[in-house]
Structure formats: structure tokens, C-alpha cells
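The exercises below are intended for a reader who has the sequence and the structure open. Please attempt each task before reading its solution.

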Amino acid sequence: MTTPSRTILEAIAASLRQTAKSYYPGVEEAPVAVLWTDPESAWLPVIPQMRQMLPELLILGEYKPEERQGPVIWLKTALGGKIESLVLPKDQPPVLYLPGVARLQLRNADQCDWEIQPLVELLYRGVAWTHKNGRDWSVEGFFVAEDGLGLDLAQDEKTRLSLRTALGVIAQSPISRLQGRRLEASDFDSLVIGDTPRDLLTWIGHGDAVKAEWGEERWHAFRSRCSDDFDFDPDKQAPLYAAERLGLRDDAAWKALWERFCEAPAIYSGVRDRLDQAQPSGLLALDPEPWPRENAKFEKKLAESLSALKGMAAHEARQKLADLEKEHALRRQWVWATLNEAPLAQALKPLHTLGEATRSIPAFSMLGEFSKWYAETGWVADLAALDALHAAAAEEGSVRVAIRAIYLPWLEEVCARFQQLSATGIPVEQGLKVAEGECLLFVDGLRLDLARRLADQLEERSFNLDFQTRFSALPTVTATAKPAVSPIAGKLSGDKIPPDFQPNGPDGKALTSQRFTKLLQDSSIEKVDETNPLFGSPHSRGWCETGRIDSRGHDLGAELAHHLPSELARVVTLVERLFAAGWKSVRIVTDHGWLLMPGGLEKHDLPGFLVESRWSRCACIKGQSVPDTPTFPWRWNPAEHVAVAPGAKSFKGGIEYSHGGVSPQECVLPVITVTMADDGTLSGTPKIASVKWKRQRCTVEVSNTTPGLRVDVRRQGGDPSSTVAASLKEVEPDGQVSILVADETLEGKPVAIVLLSESNELIAKADTIVGG
């Protein structure tokens, strides 16, 4: 199958969705909508196709709810979720296409037409899709801009008119077909009249409606080309005939047409349904790939096979998964996977990884050896289970069955083995010390497998990493384990175990969050709040907290898997901002890991009269009671013991996400020290020495300049598409550069000044506020 090449339509959709992400998580609220303002209504030709690609697209216009279109009052009602018949995606904010409306109109609220005045507030609760200079995207502007399509477009009026006239057709073209040359009117004209494969696919999908739209002359030319190139007459044969030929691919021309469809199947709406209707009988053994009904049968068969793993012995289930992977792996390359119609085939890849990763458990006799195995290899199984849940989405039921069949027995044995090796005690780790210029970044519930993925993402952004591990404090709950990893751990102690497992401060009082912060300050450690501007100096020592992994796990259970990518992205963004603020290094730490099992952990009964308090994986023992379950010393008073659930079990039923017990997943913690590439402190390395604002213009002084350095202003330092500068500016030989942010609505908003090398590599960053 041909690798899909992104079309212009897909680039527009991606840009709109990227705009929805142009905010600082934890600092700004996510936008409620993306405003696509179009004062000239120039984008109207692509809207019918964009409606197919973007289920979140809402359109200002006449009342046509079946087309997700309506007047302002309808749009506002739709945004409020008050239209029962309208189902919008939960993971994307709505995109509001506003033909005939300019962003400047909405900014001048007192002067804009009363009909659109209710949309003004969305400029502040939402975000506008605009050029980096703050102006509405024109068609020509998007085609030539580097953060658009980056094409070489002639600037004459004839080219502009040809582009706009042919936009609805051109937008279906792969961008690669327009690159590498200067585009003029003749190029767009030839695309309109000379792209027979595109026209044929469009006709297959829409039939008579296309014929009526094209008119007699174009239809006659189309018939002629079909006769010459594909040996059929669309006046005599129906679209179903062509769809069958497309699926059969019985000669070179139809094979090439299939490859064209596979390049960008989403834009040829209707072709998928035609293929479904045109599927022949008696030929299925030859090649089922082109027929969506056959792919659906494979998905149904796979769902049944996965569901049949329930109750099967783990070793048999693993072998069955290996067989299924051989049978279905190829479907991940089919066009139906591109259209998200093969979720189980996609989930099968991490399921197979899970099966292979759980085939054996090493027979180490020392806790250190077992912990090292988990830190280097064992975590792969945990991450594969999460990936399978994330990939399955709507087909999660059968995937959950498969996960339990192979993961639960392995997890039970791994946890039991770890508890046996820990019987003589888990090493007590001391609190971490903070060096000058370093910020400890505490990420609540950052399990080791997620930390491995986070490390990969940070390395992709050219950070240097040192990945180490340490043991959690017991029990593995935040009240005990977070203070234990902090720099103030040496000031804390405990008496009798309280029901919530909190230690005491130096004054003997329970450690509340306020007292925790006060102790940090008394130790000359700055409490850095991620919701406020972040500042650091070479002599500062910092503690910053972020993350909702643990809270979401308790709220969502196995559904947590769908939210983990955004949580890791949140951490990456914060790391970038900390370095932009001036910190020399960032050390990422956490308090505990967790167990997650779709369908719930198995329950272990612990009588209530034996304990003062009972959590899902740990309990506070009452008096001299001796519960029939493992016990371990409390971190803050070893004379006091905590009861923990045996193996991978829970003291409560129906719990999918839990922690507090003793297992490698809960106890073996990541410690990631992050530094800038070359540490950013080597002699001669260019640096941002100062940033000064005068209204919307920023003057940047760069030290240790070298030829070719450029400066950009971005919402997110590591994301070139988030630029807000009117243009990139080259640094003068004296190290000075002046750069403009034209969008006045950004005044007071946080941005990053980014220093780039001649090859566009990020050298240095500095956080600032537009306008100072």
C-alpha cells in the first residue's frame, strides 16, 4: 500500500487542530472554540469537504442543522451542548467557520454588526486561526507561509484568481505534487481540467450530483478521458461498476487509481460506501484488502477471538495472541486502518508486545536484582497494556478481556515475588538534595513505564538525560511518599500511624500542604507554581509540582490510558518553560507508581475490626492486631507497621486503579535529571542575555553571537508552529535584534523568546510576557 501523502485539506485540518493546542496547560484554560474567520468568504469551496474531515466543524450561515450550519444563536447553543441531535467530539474543541467575518470586526465589539456581537466573547474564551502576524488567513497567505503550506506561489492577479476558482478541487491534491516549483495560473488550471484520477474518484463517490455540477462540456471531456485511460464509459456504466473495477484493480490504470485513493482516502467521501456496495462475490479469497466489509468481518472475528481468551490459561492466551498477530498485522497497512476502521488490528500490536513481555519472570534472589530487571525490562509489559487500551477506543471490551487473560496472572506473580524479596525490608531512601540552579519537578504518580516514554519525548527535543531509579517510601501513598522524596525529608518524623499516613513536621504537628511549603522556604528552596511565571537564577533552588495522573487514575480507572498522552505533553511543556526561565537543570521525581487492571484487581478480604483505616492497597493496623496479610514498616516510624494487600490484590472490590502496596510498579521510581544540550553553559555558546519590550516590539540581546542566528517568538518554545512573531529576525553582528508581535490581543500573554541556529536548531530560550 502507498504511504498516505498529506493533502491540502488535511494540512488545513491539522493547522486548525494545532491552533486549538496553542495554550499553556496548567497556566491557561483550554480554548472553548477555534474561530476560523474569513472576511472574503474565500475558503467556502473547501467547506463541504472540511465538514467530512472535521466532525467538530460548525458553520455560520442559514439554518441547516443537518450540515452543522446555522445562525449565531444556533452556534452559541451548539457550543453550550444544548442541541441533543448534535454530537461533537469530546477530544477536540469546536471549530467555528465564520464566512464574511473578520477577526478585527470581533475585536471592535462596539462597531461590529449586532448579529455577530454574541461571538465577541469567544475571542477571549477561544482562539482564532490566524497568520502569525495576527491577520485572518487568506488562501494565498496559507499557501505560501512557512507555517502554512510553504509553497512557491506567483503573486500576479491571474494566479490568485485561478487558485481561488479551483480551490475546491486543488485542496484534494497531495501537497507533494505542488512542491519544488513556482506555481502559476496554468498549474492550477491544469489541475482542474487534467486530473482524471481525482475526477473519477469524485464521481465514484457522488455520481449524478457531480455530473450535474460539472456541466456538459466538462462531462464530455471526462467521459473521453475515462474511455481512453480506464476503458469504460461513465454514461453507460454506473459508479458501482467503477467501484468494483477500483476494488478488483485488474489492470495498471485501476491499480494506479487505487494507489491514488489510498494516498488520501478521507477526502474522497462516498468511495468507501461505494466499495462496500460493489463488493463482488466469489473472489474474496484473492484479495480482501479493498473491500471495507471484509475488513469489518476481520475486525469482528478478531473481537470474538480476543473475547474467547477469557478463562484461558495465560500461556495459551499468549500463543493465541501471537497467532492473531500473524493473521492481522498486515491489516494495519490497509487503507481502512488509515480511516480508523481497524482499531482492534491496531490494538493487537501492543497486545502482542504484552504477551511476549509476560512470558517469563526472572528468578532473582535479591531485591536489587529484581528491581533492576523491572527498571530495564519489566516495565515494557505495563506500558504495552496501557497502549492496547489507548488504541482500542470504542472496541475496548474485547481488549480488556485479552489484557486480563495475560497481564493479571503475570502481574500477580511479579508483585508476589517482589513482596517476598522485600520481606527483610525495602531500603529507606533519603530526601533528594537540590543543587544551585536546579529545580526538582514533582510529577504525581509518574510510573516508571510512563517515565521511560517521557524520557524519549524529552530526548527528541534534544535534552540531555540521566535516568536513575530509587525506592518509594512505604506505604506508597502521596501523604507518606511525597515528603520522603522532597528536600525536607530529614526534618520529618512520625509517632503512631495516623489514618491518612501523614508524617509530622519538626513541631510535631501533622504535615499539611501549607507546612510543607513553609519548610521548603525555610530551607531556601523556592516553591515554583506552574500556574505563575517561572523565574530562576544560577543560585536558586526550586521545587515545582505538576501532573494529574494519580487523580485521574482514581477518577477514571482504566480510562486513564486515553488521557496519558496529554499528561506527558503537559510535563514536556513545563520542562521547556523551566529552562526558558533560566534553570540550569530540572530533576523529575515522583512519589509512587500504581497498578491498573481493566475489570478490577482481585479482592482480598481484610476484616474491618483489624484496622483503623483501610485503603485499596494498604491499611493502618489497629492496636496489636495481626492481619493475615504482609506488613511493612512505616517510613516515618519503623516501629509502626502497615498492612499491604498481597500480590496484586486490593482490599476493596471493583478497583481498577490503585496504589499503596508493595510492587515494582508502585515502589521502583524514576529520577530523571534533564539538562539542555551541551548544558547551554559552555564558553562561546550563544545565549539570550536580555529581553526588553516596548509595547508590541521586543528587543533581544544575544551574547556570544555567531553568523546565521535568528530569533523567534512562540507560544511554546519547542513548537515552531506556535510562532507569534511577524517574521523571524536575524541577529545583528553586535548581538542586537528587534522583533515584532503584531497581534495586540497577545499583550500580557506568556511567550518564549527562542534563539535558533542557522539550521533552525533551538539553542536557547527565555520566557517573557508580551509587552513586558
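The exercises that follow concern a predicted model.

**Exercise 1. The parallel sheet**

Task: Determine the strand order of the open sheet of five strands, and establish which strands stand at its edges.

Solution.
Step 1. The order is S3-S2-S4-S1-S5, and the pairing is parallel.
Step 2. Strand S3 (69-70) and strand S5 (127-128) each pair on one side only, and these two are the edge strands.
Step 3. At the S3 edge, strand S2 (residues 57-60) pairs with S3 in the parallel sense over two bridges. Leu60 has Gly70, in S3, as its bridge partner.

**Exercise 2. Helices across the parallel sheet**

Task: State which strands helix H1 and helix H3 lie across, and give an angle for each helix.

Solution.
Step 1. Helix H1 (residues 8-19) lies across strand S1 (34-38), strand S4 (95-99) and S5. The angle of H1 to S1 is about 130°.
Step 2. Helix H3 (residues 72-79) lies across S2, S3 and S4. H3 runs at about 160° to S2.

**Exercise 3. Aromatic pairs**

Task: Classify the ring pair of Trp129 and Phe142 and the ring pair of Trp203 and Phe232, and locate each ring in the chain.

Solution.
Step 1. The structure holds 29 aromatic pairs. One of them joins Trp129 and Phe142, with 5.4 Å from centre to centre and 55° between the planes. Planes under 30 degrees apart count as stacked and those over 60 as edge-to-face, so a pair at 55° is tilted.
Step 2. Trp129 lies in the loop between S5 and helix H6 (139-144), whereas Phe142 lies in H6 itself; the pair therefore ties together parts that are 13 residues apart in sequence. Both Trp129 and Phe142 are buried.
Step 3. The ring centres of Trp203 and Phe232 are 5.9 Å apart and the planes stand at 40°, so this pair is tilted.
Step 4. Trp203 belongs to helix H10 (residues 196-206), and Phe232 to the loop between helix H12 (216-230) and helix H13 (239-248). The two residues are 29 residues apart, and the pair links distant parts of the chain.
Step 5. Residues under 20% relative accessible area count as buried. Trp203, at 2% relative accessibility, is therefore buried, and Phe232 is buried with a relative accessible area of 4%.
Step 6. Trp203 and Phe232 belong to one aromatic cluster, which also contains Trp214, Trp219, Phe222, Phe230, Tyr241 and Trp254.

**Exercise 4. A helix pair**

Task: Describe how helix H20 and helix H22 pack, and give the makeup of their contact.

Solution.
Step 1. Two packed helices are described by the angle between their axes and the distance between the axes.
Step 2. For helix H20 (residues 367-392) and helix H22 (residues 448-460), the angle is about 90° and the axes are 8 Å apart. H20 and H22 are therefore roughly perpendicular to each other.
Step 3. From H20, the contact involves Tyr374, Ala375, Glu376, Trp379, Asp382, Leu383, Leu386 and Asp387. From H22, they are met by Leu448, Asp449, Leu450, Arg452 and Arg453.
Step 4. The residues of this contact divide into seven nonpolar, no polar and six charged.

**Exercise 5. The surroundings of Asp500**

Task: Decide whether Asp500 is buried, partly exposed or exposed, and name its contacts outside its sequence neighbourhood.

Solution.
Step 1. Asp500 lies in the loop between helix H23 (478-485) and helix H24 (513-522).
Step 2. Its relative accessible area is 33%, so Asp500 is partly exposed.
Step 3. Leaving aside neighbours within four places in sequence, Asp500 is in contact with Ala479 and Trp615. Ala479 is 21 residues apart from Asp500 along the chain, and their C-alpha atoms are separated by 6.9 Å.

**Exercise 6. The antiparallel sheet**

Task: Work out the order of the open sheet of four strands and trace the pairings of S17.

Solution.
Step 1. The order is S14-S15-S17-S16, with antiparallel pairing.
Step 2. Strand S14 (611-614) and S16 stand at the edges with a single partner strand each, so one side of each is left without a neighbour in the sheet. From one strand to the next, the twist averages 35°.
Step 3. Strand S15 (residues 618-621) pairs with strand S17 (residues 637-644) in the antiparallel sense over three bridges. Cys620 has Val642, in S17, as its bridge partner.
Step 4. Strand S16 (residues 631-634) runs antiparallel to S17 and is joined to S17 by four bridges. The bridge partner of Trp634 in S17 is Asn637, and a hairpin joins S16 to S17 through two residues.

Methods
Residues are numbered from 1 along each chain as its sequence is written. This is a predicted model: local features need pLDDT of at least 70, side-chain atom pairs count only at pLDDT 80 or more; totals for chains, interfaces and linings use all residues. Side-chain values use heavy atoms; hydrogens and water are left out. Axes are lines fitted to C-alpha atoms, for helices over the stretch in contact, and angles run from 0 to 180 degrees between N-to-C directions. Angles under 35 degrees count as roughly parallel, over 145 as roughly antiparallel, 65 to 115 as roughly perpendicular and the rest as oblique. Contact means heavy atoms within 4.5 Å. Ala, Val, Leu, Ile, Met, Phe, Trp, Tyr, Cys and Pro count as nonpolar, Asp, Glu, Lys and Arg as charged, and the others, Gly among them, as polar. Two strands pair if DSSP finds at least two bridges between them. Rings of Phe, Tyr and Trp (its six-membered ring) pair if their centres lie within 6.5 Å; planes under 30 degrees apart count as stacked, over 60 as edge-to-face and the rest as tilted. Buried means under 20% relative accessible area, exposed over 50%, partly exposed in between (1.4 Å probe, protein chains only).
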